[in-house]
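Subject: Structure handover and notes on sheets, salt bridges and rings

Dear colleague,

I am handing over the structure below, together with my notes on it. Please read the notes with the coordinates open beside them.

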Amino acid sequence: MTRLTDIISPEWLLHHLDDPDVIIIDCRFTLGQPEAGFKAYQQQHLPGAFHLDLEKDLSGPITDHGGRHPLPNPQKIAKTFENMGIDEQKHVIAYDDQQGAMAARLWWLLQYLGHSKVSILDGGWSKWIELGYPTTTIQPEAKPTTFTPHLHQELLAEMEEIRQKLHHPDTILVDSRDERRYRGEYEPMDPIAGHIPGARNYFWQEVLQKQGEWKKTSELEKHFQALPKDKEIIVYCGSGVTATPNFLALKQAGYKRVKLYAGSWSDWISYPDNPIAKGEENG
């Protein structure tokens, strides 16, 4: 199967529902309502779609550090992928109903594990329903295979690296949370408000159109135009989930040196000595 773009249309998927090399993953998950995503999947989902849960499957156990949604153990998530029939020949299509945030988490994880054949369904579940495309309650039977992870460490930033690169002229930190959380005026999820010193604010939902589809490449280039393309960009959010749409959008816009600080703000503040900033930062 030929390499597709990172964002695929509902029309394309409609015509490939029966393609044996396509595996669809329902990533619906509602923060604060951990059972809601799977319940929604049980009630209705795309034909042939499996379900992966943000906290049970796409995250590891919470410890003192690592944030609210630590990365899963690579071997454990690889086994999950194997059991769903994902191998190097399969093209994974991820969707959610959270404007792409959960689907982008799976997209990033697969990229990190060395599986580049992964795309996000443009517009997600809501667009699929709006178009009147088919759904089902039937859960598919998997055909287990072999998934061999090849970690791409260049996509990941750890806390110590962030600390070392604070205000480094070659590195730009991008905070993906909404502006009130970035400025430290409001913090609904974590015990401490603010942002990592020097970070610039690019709210992740701004990479989407008002209807929920992803912006075109030219629009994303304009959106990020203040960020030099020769710099290293490290994106973060509250727990490493909603930063992944920004990661994907930056790659779409032509940025080559992009990393995810997976632990993000909830990891950063777990170290008492780490500095905290509030208010606006100069660009």
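A residue is called buried here when its relative accessible area is under 20%, exposed when that area is over 50%, and partly exposed in between. Please keep in mind throughout that this is a predicted model.

With that cut-off in hand, strand β7 is a convenient place to begin, since five of its five residues are buried and the strand is thus described as mostly covered. In a regular strand the side chains alternate between the two faces of the sheet. For β7 both faces are covered, with Thr171, Leu173 and Asp175 buried on one side and Ile172 and Val174 buried on the other.

The strand β7 belongs to an open sheet of five strands, whose order is β6-β10-β9-β7-β8 and whose pairing is parallel. At the edges of this sheet stand β6 (156-157) and β8 (200-201), and each has a single partner strand, so one side of each is left without a neighbour in the sheet. Between β7 and β9 the parallel pairing extends over five bridges, and Asp175 is found opposite Tyr236 in β9. On the β8 side, β7 is joined to its parallel partner by two bridges, with Arg200 in β8 as the bridge partner of Val174. Further along the sheet, β9 and β10 pair in the parallel sense over three bridges, and there Ile233 has Val258 in β10 as its bridge partner. Helix α9 lies across β7 (171-175), β9 and β10, and its direction is at about 175° to that of β10.

A second open sheet is also made of five strands with parallel pairing, in the order β1-β5-β4-β2-β3. Here β1 (7-8) and β3 (50-51) take the edge positions with a single partner strand each, so one side of each is left without a neighbour in the sheet. Strand β2 (residues 22-26) pairs with β3 in the parallel sense over two bridges, and Asp26 stands opposite His51 in β3.

Asp26 also leads to the charged pairs. Side chains of opposite charge can pair when their charged atoms come close. The count of salt bridges in the model comes to 21, and one of them joins Arg28 to Asp26, with the closest N and O atoms 2.7 Å apart. Are the two partners, Arg28 and Asp26, buried or exposed? Both Arg28 and Asp26 are buried.

Two further salt bridges have partners that fall in separate accessibility classes. In the salt bridge between Glu82 and Lys79, the closest N and O atoms are 3.0 Å apart, and both residues lie in helix α3 (residues 74-83), three residues apart, which is about one turn of the helix. Glu82 has a relative accessibility of 12% and therefore counts as buried, whereas Lys79, with a relative accessible area of 44%, is partly exposed. The salt bridge between Glu161 and Lys165 has its closest N and O atoms 2.6 Å apart; Glu161 is buried at a relative accessible area of 18%, while Lys165 is partly exposed at 23%. Beyond such pairs, a network of salt bridges links Arg68, Asp175, Arg177, Arg181, Glu187 and Asp190, and Asp175 is also one of the buried residues of β7.

Turning to the aromatic rings, the count comes to ten aromatic pairs. In one of these, the rings of Phe224 and Tyr255 have centres 6.2 Å apart and planes at 80°, so the pair is edge-to-face. Phe224 lies in the loop between α8 (217-223) and β9 (232-236), and Tyr255 lies in the loop between α9 (243-252) and β10 (258-261), so the pair ties together parts that are 31 residues apart in sequence. Both Phe224 and Tyr255 are buried. Tyr255 has a charged residue over its face as well, namely Lys229, at 5.6 Å from the ring centre. A similar arrangement is found for Arg180, which lies over the face of Tyr186 at 4.2 Å from the ring centre. Elsewhere, ring pairs link Trp107, Trp108, Tyr112 and Phe247 into a cluster.

With kind regards

Notes:
Residues numbered from 1 in each chain as written. Predicted model: local features only at pLDDT ≥ 70, side-chain atom pairs only at ≥ 80, totals over all residues. Heavy atoms only, no water. Phe/Tyr/Trp six-rings, centres within 6.5 Å; stacked < 30°, edge-to-face > 60°. Helix = DSSP H or I, 4+ residues; strand = E, 2+ residues; numbered from the N terminus. Buried < 20%, exposed > 50% of the residue type's maximum accessible area, 1.4 Å probe, protein only. Lys NZ or Arg CZ within 6 Å of the ring centre and 35° of its normal. Pairing = 2+ DSSP bridges. Contact = heavy atoms within 4.5 Å. Axes fitted to C-alpha atoms, helices over the stretch in contact; angles between N-to-C directions. Salt bridge = Lys/Arg side-chain N within 4 Å of Asp/Glu carboxyl O.
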